Amino acid sequence: GPLDEGAGSIIVVTATDAPLLPHQLQRLTRRVALAIGRMGGLGENSSGDIFLAFSTANRGVARSDSIVPLAMVPNAMMNPLFDATVQATEEAILNAMVAAETMVGADGIRVPELPHDRLRAIMEAAGRRSR
């Protein structure tokens, strides 16, 4: 039968070089859902969404043979990172939608690609220039 509206899942991996502690990465990851919501996703019952964040900063802190210096962004300075996470997630979703090609999955379910000509017309009607 037909798929339920909103069926599907999304996996988002957020990578940063900002020196964030684990609890700050959790806070950053929660902002991914805001971007998905702004793009129309509602986290329906059938979605199996996975969000993950990691930082490449503070290399070597897992060493156990000596005390190591640790840097961190103060919590009061996290807002620009939250904003960047939402914007980057929205852009990644748009890029995936535009780049997607028609595909046939399990049980012969066909998902068509986004019609670029219709998208251009909609964007131009909204006052956005197409490239």
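Which residues make a nonpolar surface patch of about 480 Å²? The close-up views below take you there and then on to a helix of this predicted model.

**View 1. A nonpolar patch on the surface.** Welcome to the first stop: I11, V13, I50, L52 and F54 together make a nonpolar surface patch of about 480 Å². Two elements, β1 (11-16) and β2 (50-55), each give two or more residues to the patch. Strand β2 provides the largest share, with three residues.

**View 2. L52, a residue of strand β2.** Here we look at one member of the nonpolar patch, L52. This residue is found in strand β2. Is L52 buried or partly exposed? L52 counts as partly exposed because its relative accessibility is 48%, and partly exposed covers values between 20% and 50%.

**View 3. Helix α2 from end to end.** Next comes helix α2, which runs over residues 79-99 and has 21 residues. From its first C-alpha to its last, α2 reaches 30 Å, close to the 30 Å expected at 1.5 Å a residue.

**View 4. The two sides of α2.** Look for F82, T85, V86, T89, E90 and I93, the buried residues of α2. They cover an arc of only 125 degrees around the axis, so they lie on the same side of α2. A helpful rule: an α-helix has 3.6 residues a turn, so residues three or four places apart point the same way. On the other side of α2, you will find P80 and A99 exposed.

**View 5. What the buried residues of α2 pack against.** To finish the tour, follow the buried residues of α2 to their partners: they pack against β1 and α1 (22-38). Strand β1 also appeared in the first view, as an element that gives two or more residues to the nonpolar patch.

Key: Residues are numbered from 1 along each chain as its sequence is written. This is a predicted model: local features need pLDDT of at least 70, side-chain atom pairs count only at pLDDT 80 or more; totals for chains, interfaces and linings use all residues. Side-chain values use heavy atoms; hydrogens and water are left out. Patches are made of residues with over 30% relative accessible area and no salt bridge: like charges are joined within 9 Å, nonpolar side chains (Val, Leu, Ile, Met, Phe, Trp, Tyr) within 5 Å. Accessible areas come from the Shrake-Rupley method with a 1.4 Å probe; for residues, only the protein chains shown count as cover. A salt bridge is a side-chain nitrogen of Lys or Arg within 4 Å of a carboxyl oxygen of Asp or Glu. Helices (H or I, at least four residues) and strands (E, at least two) are DSSP runs, numbered from the N terminus. Buried means under 20% relative accessible area, exposed over 50%, partly exposed in between (1.4 Å probe, protein chains only). The expected span of a helix is 1.5 Å times one less than its number of residues. The arc is that of the directions from the helix axis to the C-beta atoms. Contact means heavy atoms within 4.5 Å.
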